[in-house]
Amino acid sequence: MVAISLEHVTYRYPLGTGDALDDISFHIGQGEVYALIGGNGSGKTTVCNIIRGFIPQFYKGTLTGSVMVNDKPVSEYDDAELTQIVGYSFQNPFTQMSGVKDNVREEIGYALENLGLPREDIGRRVDAMIELLDLQEMADQNPLELSGGQRQRVAIAAVLVTDPQIVILDEPTSQLDPQSTEDIFNIIKLLKNQGKTIVLVEHKIDLVAEYCDYALLLEEGRVAMGGPIRDVLTDPKVMDHGGQLPQVARFFIDRNTKLGLCDPIPLTVQEAVEFKTGRGN
Amino acid sequence: MAYLELCDVDFSYSNGFEALHHVSMRFEMGEAVAIIGQNGAGKTTVVKLMNGLLKPSRGQVLVDGVTTKQQRTSQVAAKVGYVFQNPDDQIFQDTIGKEIAYGLVKKKVEKSAVKAKVAAAARLCGLEDEMETHPYDLPFSRRKFVTIASALVMDPKVLILDEPTAGQDAPSTRLLADIIQGVMASGKTVITITHDMEFVTKEFSRGIVMAKKHVLMDAPIAEIFENDEVLEEAHLKRPYIAQLARSYGIRGVLTDEELLRAM
Ligand SMILES: Nc1ncnc2c1ncn2[C@@H]1O[C@H](COP(=O)(O)OP(=O)(O)OP(=O)(O)O)[C@@H](O)[C@H]1O
Ligand SMILES: Nc1ncnc2c1ncn2[C@@H]1O[C@H](COP(=O)(O)OP(=O)(O)O)[C@@H](O)[C@H]1O
Ligand SMILES: [Mg+2]
Ligand SMILES: [Mg+2]
C-alpha cells in the first residue's frame, strides 16, 4: 500500500516571494523509512507540513497538486482522524513542550489524555515510552527545566505514545549526543519492524545511509535526486545539490579517484569491512 | 594566569537539582576548546557560569582574575560572550539589524560606529541581505547565526557557542568553522559545545569531556578519541573515519588523509 503520495505539488507561503516547493512528486510505501535530505531552506519541513495537513490548514498560501495519505486526499480527512494516523515531531525541540504540564510523565501522556483514554492505559503507555527513550531519571522533572537533548527525547516520546501508523520526524536528533542519536535510529528500526512508515528529515547522513530505505534530496524546493538509499548516497552528484555523502562513501570515492581504482563503494563502516573480506557484492 | 577559571565549582538550580559537582577548568587566551559529552551532563550549565548568567553555589568562577560573584552579569558578559543553545531565548528585536545592534546601542556606542560594526558582523554570519527581516522569518538554523552575530559584534575576549552545529547543513557548518577561525586569528578564545564529532576533530585542539555533573577528561582531541572508557561513559562516538580505520585494525587515525596513508 502507498502510505504517502505527493503528485506535482507546488506551494508558495502567503508572503513568500517564490515557490517554497516546485512540482514535487514522490511515493512512500507502507513500512518504508524514507529520508528527506538537503540543505537548509531546501523545503524539507514544508513537505512535512503538507503531509500532516498543516499546509494549507494553518499556513495558507497557494497549494496545488495532489497529497494523499493511505490513498485518500489529505484535504478529505477530518483533523482528529489525521492526527491519529500521522504523528509529527517538529524540528524545533524547544517549542514542543505543551507548557501546561509540570512533569515529564504528564507531558508524555498529554495527547492520550486529550484522546480520552482510561487512566491505566495512559499510565502503561507512558511507562513504555519512558523506558523506550530512557527517560527514567527525569520522569518527575519539569519539562521546561530540562537540557536541550533531554527535551528533544521527551518530545519524541510524546509523539510516539499515540502509536501512529505514520511517523514524521523532522531533525529528531539535532540536540542529541552521539549515543542518544544512535538510540533514536534504533527506535526508527523498531518502528519499521512494527510496520510503521517513517518520514525522516536528518542531516546526519552516515546514519541515514545505515537505517533508511530511500532518500529524496531537495534543492531549492525541487527534487534534485531520489531513489534507493545506495543509489543516492554513493553518487558524488549529491554534493552538487547541497547534500552530503556519508563519510565512508566519500572516503572510498576519493580513494578510487586518487588511486585510479573502481572498487565498489560501501555506505557504512560495516559494509566496508564486508567488502574487504569479500562477503559483499 | 588563566584568563578564565572555574575552581572547584558546584551548582544547583532553584528546584534543588545539582547540575555540577566539583568542576574545575581553566582557559588561556588564544585557545579553541570543544566541550563535549552526554545530554544533561552539565555543559550548558557550565558555560552559563562562565558568562555570569548563573553564579556558583560553591567555589569560584574567575574572569580576568575577578570572581563573577562580585560583578554584574553585564560586566562579565562584556568579556565572555555567550550564544544560547536555543536562539529564541536570546532574540527580542523585530528586525535582524536591530537585534545585532542591541548590545552596542545599550552601551551607547556612537551611531556610525554601530552601523559599521553591525554590518561587519552580519557579513561574517551571512546575514548582510537580511537586516530588515524579522528574526522569526528566518529558519531556526539561520536564527542561530543572528545570535552569533549579536555576540561577535560586542567583541568579547572569550566567545562561547552552545551547540552551533545543531541542525546546520554542510555550507553553514563551514561558515561556522570560518567564524571560529576568524575569532581565533584575533587572539581570542573560543569555547564551543557540540555533538558533532567530525567538527570537533577538524576545528579544535583541546577537548573537555563532561558526563553526569563532572569533567571526565581534559586533553588533546586525539587523546580523547583513543580512550574507550571515556567515550562510552560520555555517550560519544569516534568520527566515522576513525571507526573505519579501527575496523581495519588501524589506530590513531582521525582524518581521511591519515587513513589513506595508513591503508
Ligand atoms: N532550569 C533548570 N532547572 C533545573 N534543572 C535544570 C535546569 N536546566 C537544566 N537542568 C538540569 O541540569 C542538568 C544539566 O543540564 P544542562 O542543560 O547543563 O545539560 P547539557 O550538558 O547542556 O545537555 P544537552 O547536551 O542536552 O544540552 C540536566 O540534568 C538538566 O535536567
Ligand atoms: N512560514 C513561512 N513563510 C514564508 N516562507 C517560509 C516559511 N517557512 C519556510 N519558508 C521558506 O520556504 C523554504 C523552505 O523552507 P523549509 O521547508 O523550512 O526548509 P528546510 O526544512 O529544508 O530547511 C525556504 O525558502 C524558507 O525560507
Ligand atoms: Mg526544516
Ligand atoms: Mg546544553
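The following exchange concerns the surroundings of two ligands in a predicted model.

Author: In this predicted model, local features need pLDDT of at least 70 and side-chain atom pairs count only at pLDDT 80 or more, while totals for chains, interfaces and linings use all residues. Residues are numbered from 1 along each chain as its sequence is written, chains are lettered from A and ligands numbered from 1 in the order in which they are written, and side-chain values use heavy atoms, without hydrogens and water.

Reader: What makes the approach of Thr46(A) to ligand 2 a polar contact?

Author: A polar contact is a pair of N or O atoms within 3.5 Å. An N or O atom in the side chain of Thr46(A) is 2.4 Å from an oxygen atom of ligand 2, so the pair qualifies. The side chain of Tyr13(A) also has an N or O atom, 3.4 Å from a nitrogen atom of ligand 2, and therefore qualifies.

Reader: Why is Lys43(B) said to make a polar contact with ligand 1?

Author: An N or O atom in the side chain of Lys43(B) is 2.7 Å from an oxygen atom of ligand 1, which is therefore within the limit of 3.5 Å. A polar side-chain atom of Gln150(A) likewise lies 2.7 Å from an oxygen atom of ligand 1.

Reader: How much of ligand 1 does the protein cover?

Author: The protein covers 92% of the 650 Å² of accessible area that ligand 1 has on its own (Shrake-Rupley method, 1.4 Å probe). Ligand 1 lies between chains A and B.

Methods: A polar contact is a pair of N or O atoms within 3.5 Å; within protein, one must be able to donate a hydrogen and the other to accept it, and residues adjacent in sequence count only if both atoms are side-chain atoms. A residue is near a molecule or strand if one of its heavy atoms lies within 4 Å of it.
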